Every structure is written in structure tokens, then in C-alpha cells.
Amino acid sequence: MLRLAARGVQVFRCEKRDGRGVWVFRQPDAELLDAAGKVVGRHGANFSFEHVDGSRLVATLAAHDEAPKPTDLRWLLMTTRSFGKGAFDGVTHVQRINTSGGMPPASCGAAQAGRVLRVDFTSDFVFYRPRAT
């Protein structure tokens with residue numbers, strides 16, 4: 001198991017849906033930090049994770065739970081495919097927990113149509129790999 005902190009933004013775009021303006025999620029853009037606070041990777045588009053050692057993950061959402069506060073991002077469970085040798089090699093699941101921030105306002109106005117909003121957030125990510133048998 002590997003645990004990394006994340007610090008970054010969630011990117012949203014104001015779009016018209018069902019006759020009203022809503023902030024639509026586009027992608028995360030965050031640094032991944034080890035226990036000493038050193039940047040060891042990035043979290044980005046398509047639920048991707050890339051470690052400085054070159055190993056990477058592409059994740060798919062498997063389940064979610066609401067965060068304790070509505071202003072915080074949902075807690076997620078993701079299944080992953082790993083690529084390359086390194087810290088993320090063999091990781092099959094990732095959890096996003098302990099979120100703070102990251103949620104946009106409930107709606108956006110016509111004057112904001114097409115605008116991009118970057119909302120600060122922090123979270124923890126826990127990376128799991130099967131134990132050797």
C-alpha cells in the first residue's frame with residue numbers, strides 16, 4: 001500500500017444543460033506528495049496518475065461515497081491499469097479520501113458561459129496492489 005497526499009485544482013467549465021448554467025467537471029490537476037511533502041507525481045485527466053519514476057496509472061471509477069461536507073469532493077474507489085516499472089507497478093485500486101474543497105458553486109450564469117473555473121482541493125490517495133501469494 002502506498003499513500004500520497006494531493007494538492008491542486010478541479011477544473012470545471014460553465015455549460016448550459018437543461019436550460020440552465022451548470023459547472024461541468026473537466027479534469028483534476030494536482031501534485032502528489034509523499035509523507036515528507038516532496039512532489040513525487042501528478043494526477044490529471046481521465047483519472048490518470050504519473051509518478052516521477054515513470055510508472056503510471058489509468059483509473060476507472062468503481063464506486064463513490066459522499067464526503068462529510070458538501071463543499072468537499074466525493075470519496076472515490078477506482079480500479080486501475082498500471083504501466084511501467086516503479087511505485088505504481090501492479091497497483092489495481094486507488095481510493096480518494098479525506099477530501100477538502102474541490103466543489104464548484106451549484107450553478108453559473110449566462111455571463112459565465114464557456115468560462116473555466118479552477119477550484120482548489122486537497123485529498124489523500126491510497127494505492128493498493130495485491131499481496132504476493
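How many aromatic pairs does the structure hold? In this predicted model, the count is five aromatic pairs. One of them joins Phe-49 and Phe-125, whose ring centres lie 5.1 Å apart with the planes at 75 degrees. The pair is therefore edge-to-face, since an angle over 60 degrees between the planes is assigned to that class. Phe-49 belongs to strand S4 (residues 48-51) and Phe-125 to strand S8 (residues 116-128), so the contact between the rings ties together parts that are 76 residues apart in sequence.

Both partners of this pair are shielded from solvent by the accessibility criterion: Phe-49 is buried, at a relative accessible area of 1%, and Phe-125 is buried, at 0%. Phe-125 also forms an aromatic pair with Phe-127. The geometry there is tilted, with 6.4 Å from centre to centre and 40 degrees between the planes. Phe-127, like Phe-125, is buried. Through ring pairs, Phe-49, Phe-88, Phe-125 and Phe-127 are linked into a cluster.

Phe-125 is also among the residues touched by Ala-6. Ala-6 is located in strand S1 (residues 2-17). Its relative accessibility is 3%, so Ala-6 counts as buried, the limit being under 20%. With residues up to four places away in sequence left out, Ala-6 touches Ala-30, Glu-31, Leu-32 and Leu-33, as well as Phe-121, Thr-122, Ser-123 and Phe-125. Between Ala-6 and Ala-67, which are 61 residues apart along the chain, the C-alpha separation is 16 Å.

Notes:
Residues numbered from 1 in each chain as written. Predicted model: local features only at pLDDT ≥ 70, side-chain atom pairs only at ≥ 80, totals over all residues. Heavy atoms only, no water. Phe/Tyr/Trp six-rings, centres within 6.5 Å; stacked < 30°, edge-to-face > 60°. Helix = DSSP H or I, 4+ residues; strand = E, 2+ residues; numbered from the N terminus. Buried < 20%, exposed > 50% of the residue type's maximum accessible area, 1.4 Å probe, protein only. Contact = heavy atoms within 4.5 Å.
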